[in-house]
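Subject: Structure handover

Hello,

Here is the structure I promised to pass on. Please open it alongside this message.

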Amino acid sequence: MSENNPLGKKTYFGIAALNTGILCVLSLLANYGASQLNISYETFNQLNNLTALFYCVLTQVTIVLGVIGHTRKNDSKNLSRIAIVLALIPFLFMFGQFLYSFL
């Protein structure tokens, strides 16, 4: 153990989760931006699939890193919570729209 930190080595899962959470939101904004472009159907389809893939992967990575950061003793729990909220709010909104489409 370190002399400066008697509790053990500091981990950085919280800040990593926050970074991936920000990338998650940016990929969702890129998905929306691709839908507003005046482009051909094929190009739109490629951009839409690519940005949706990034969003889906980054959401899962953010939640896993956030949970790990939240459970670690020497990690930033607040950053982990913010990252989880950043990833889950758009996901829950889109999931609600999906459920509403069946009504």
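Below is what turned up, beginning with how the helices pack and ending with single residues.

One caution before the details: this is a predicted model.

**Helix packing**

A word on the terms used here. Two packed helices are described by the angle between their axes and the distance between the axes.

Start with α1 and α3. Helix α1 covers residues 13–35. Its axis and that of α3 come within 7 Å. They cross at roughly 25°. Angles under 35 degrees count as roughly parallel, so α1 is roughly parallel to α3. The crossing of α1 past α3 is left-handed.

Which residues meet there? On the α1 side they are Gly14, Ile15, Ala17, Leu18, Gly21, Ile22, Cys24, Val25 and Leu28. On the α3 side they are Leu79, Ser80, Ile82, Ala83, Leu86, Ala87, Pro90 and Met94.

Next, α1 and α2. Their axes are 8 Å apart, and the helices pack at an angle of about 160°. An angle over 145 degrees counts as roughly antiparallel. The pair α1 and α2 is therefore roughly antiparallel. Again, α1 passes α2 in a left-handed crossing.

Last, α2 and α3. Their axes come within 8 Å. They cross at roughly 145°. This crossing is left-handed. From α2, the contact is made by Tyr55, Thr59, Thr62, Ile63, Gly66, Val67, Gly69 and His70. From α3, the residues include Lys77, Arg81, Ile84, Leu88 and Phe91. Ser80, Ala83, Ala87, Pro90 and Met94 of α3 also take part. Those five residues appear on the α3 side of the contact with α1 as well.

**Two residues of α3**

Leu79 lies in helix α3. Is Leu79 buried, partly exposed or exposed? Its relative accessibility is 24%, so Leu79 counts as partly exposed. Set aside neighbours within four places in sequence, and Leu79 is in contact with Gly14, Ile15 and Leu18. Those three residues are in α1. Ala34 is another matter. Leu79 and Ala34 are 45 residues apart in sequence. In space they are 30 Å apart, C-alpha to C-alpha.

Ile82 is also placed in helix α3. With a relative accessible area of 44%, Ile82 is partly exposed. How far is Ile82 from Gly14? Along the chain, 68 residues separate them. Their C-alpha atoms are separated by 8.9 Å.

**The aromatic residues**

The structure holds three aromatic pairs. One of them joins Phe91 and Phe95, and it is stacked. The rings sit 6.2 Å centre to centre, with 10° between the planes. Both residues lie in helix α3. They are four residues apart, about one turn of the helix. Phe91 is partly exposed, with a relative accessible area of 38%. Phe95 is partly exposed too, at 41%.

Phe98 and Phe102 form an edge-to-face pair. Here the centres are 5.0 Å apart and the planes are at 85°. Phe98 has 44% relative accessibility and counts as partly exposed. Phe102 reaches 61%; over 50% counts as exposed, so Phe102 is exposed.

Phe91, Phe95, Phe98 and Phe102 form one aromatic cluster.

**Two buried polar residues**

Thr51 is in helix α2. The cut-off for buried is under 20% relative accessible area. Thr51 has 10%, so it counts as buried. What does its side chain reach? A polar atom of that side chain lies 2.9 Å from the backbone oxygen of Leu47. Not counting residues up to four places away in sequence, Thr51 touches Ser27, Ala30 and Asn31.

Asn74 is found in a loop. That loop runs between α2 (41–71) and α3 (77–100). At 17% relative accessibility, Asn74 counts as buried because the value is under 20%. The side chain of Asn74 reaches the backbone oxygen of Lys9 at 3.5 Å.

**Where to look first**

Try the α1 and α3 contact, with its axes within 7 Å. Then turn to the aromatic cluster of Phe91, Phe95, Phe98 and Phe102. Finish at Asn74, in the loop between α2 and α3.

Best wishes

Conventions: Residues numbered from 1 in each chain as written. Predicted model: local features only at pLDDT ≥ 70, side-chain atom pairs only at ≥ 80, totals over all residues. Heavy atoms only, no water. Buried < 20%, exposed > 50% of the residue type's maximum accessible area, 1.4 Å probe, protein only. Polar contact = N/O pair within 3.5 Å; in protein donor to acceptor, adjacent residues only side chain to side chain. Phe/Tyr/Trp six-rings, centres within 6.5 Å; stacked < 30°, edge-to-face > 60°. Axes fitted to C-alpha atoms, helices over the stretch in contact; angles between N-to-C directions. Parallel < 35°, antiparallel > 145°, perpendicular 65-115°, else oblique. Left-handed = near helix turned anticlockwise from the far one by under 90°. Contact = heavy atoms within 4.5 Å.
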